[in-house]
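This report is meant for a reader who is meeting the structure below for the first time. It takes up a few individual residues and then turns to the ligand and its surroundings.

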Amino acid sequence: MRTSPNVIITGTPGVGKTVHCEQLAHDTGLRHLSINQIAKDRDCFETYDDELETWIVDEDKLLDAIEDEMLQGGLLVDWHACDLFPKSWIDLVVVLRCPSTSILYDRLSSRGYKQAKLQENLDAEIFGVLSDEAYEAFDEEIVVELTSEKDDDVENNCARISAWMDSWESNQRGNTD
Ligand code: DAT
């Protein structure tokens, strides 16, 4: 049984997954598992989508590559999808949201995204694609949506997630006593 939780930090590109994971890793000691980095390092990319200028991940290969670590617990999983992960691996799903299209537009255009990729991501955020995916793939009780527009949001969200982790860990201790 895990003594430290696995938390997915998901959302449309540009919502703030990386900044939240870095802050949370610093605050909680959980480890930031960037799926993008893992897929690169462990050769889990399958094909390149020219139109969306993005690599498509071989999900089976990726899950095999991270299974041992996930079973140990204590990970902040940073990825713009969540429905590929087995339910039993995950204790909390945080969907970051950026309701202001202009803020998200600025973040993505400063990355140099081309028009098709930019529009695809803005649409995904407007329609709440990642949020729907999270609620479909996991039990409602473990899914939380948090706004990530301003610096203060990062601080408040991380404090909230840290408090949740503390209570998860003390519940686990209670269950094993
Ligand atoms: P992601 O990992 O989801 O693609 P990111 O963490 O790299 O996103 O953030 C993209 C940019 O937006 C980066 O320059 C940090 C900034 N940002 C994200 N969330 C923010 C927030 N709540 N307040 C201020 N800046 C934020």
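## A loop residue, H80

In this predicted model, H80 is placed in the loop that runs between strand β5 (75-78) and strand β6 (92-97). With a relative accessible area of 32%, H80 counts as partly exposed, because that class takes in the values between the 20% limit for buried residues and the 50% limit for exposed ones.

Along the chain, H80 and P13 are 67 residues apart, and in space their C-alpha atoms are separated by 6.4 Å.

## V77 and E69, two residues paired with L33

V77 belongs to strand β5, and its relative accessible area of 0% makes V77 a buried residue. From C-alpha to C-alpha, V77 and L33 are 4.9 Å apart, although 44 residues separate them in sequence.

E69 is found in helix α3, which covers residues 59-72. This residue is also buried, with a relative accessible area of 17%, a value that falls under the 20% cut-off for that class. L33 can be paired with E69 as well: the two are 36 residues apart in sequence, and the distance between their C-alpha atoms is 9.6 Å.

## An exposed residue, D43

D43 lies in a loop, the one that joins helix α2 (35-41) to strand β3 (45-49). Is D43 buried or exposed? At 53% relative accessibility, D43 counts as exposed, since the value is over the 50% needed for that class.

The backbone of D43 deserves a separate remark, for its phi angle is near 60°, which is a positive value in a residue other than glycine.

## Helices α1 and α7

D27 has its place in helix α1 and is partly exposed, with a relative accessible area of 41%. The C-alpha atoms of D27 and C158 are separated by 8.1 Å, while the two residues stand 131 residues apart along the chain.

N157, for its part, lies in helix α7 and counts as buried, its relative accessibility being 7%. With which side chain does the side chain of N157 make a polar contact? The partner is the side chain of H20, and the distance in this contact is 3.1 Å.

## The shell around the ligand

The ligand sits in the largest pocket, where 15 residues surround it, the closest being G14, K17, T18, R111 and K150. Sorted by class, this shell is made up of six charged, five polar and four nonpolar residues.

Two helices, α1 (17-28) and α7 (151-176), each contribute at least two residues to the shell around the ligand. Of these, α1 provides the largest share of the shell, which amounts to three residues.

## Polar atoms beside the ligand

Where do polar protein atoms lie with respect to nitrogen atoms of the ligand? For S148, a polar side-chain atom is 3.0 Å from a nitrogen atom of the ligand. For K150, the atom concerned is a backbone N or O, and its distance from a nitrogen atom of the ligand is 2.8 Å. For D151, a polar backbone atom is 3.2 Å from a nitrogen atom of the ligand. On its own, the ligand has 550 Å² of accessible area, and the protein covers 76% of this.

Key:
Residues numbered from 1 in each chain as written. Predicted model: local features only at pLDDT ≥ 70, side-chain atom pairs only at ≥ 80, totals over all residues. Heavy atoms only, no water. Near = heavy atom within 4 Å. Polar contact = N/O pair within 3.5 Å; in protein donor to acceptor, adjacent residues only side chain to side chain. Areas by Shrake-Rupley, 256 points an atom, 1.4 Å probe, with all protein chains shown as cover. 1 Å grid on protein atoms, 1.4 Å probe; cavity = no way out; pocket = protein on both sides within 12 Å on 5 of 7 lines; lining within 4 Å. Sits in = over half its atoms within 2 Å of the grid points. Helix = DSSP H or I, 4+ residues; strand = E, 2+ residues; numbered from the N terminus. Nonpolar A, V, L, I, M, F, W, Y, C, P; charged D, E, K, R; others polar. Buried < 20%, exposed > 50% of the residue type's maximum accessible area, 1.4 Å probe, protein only.
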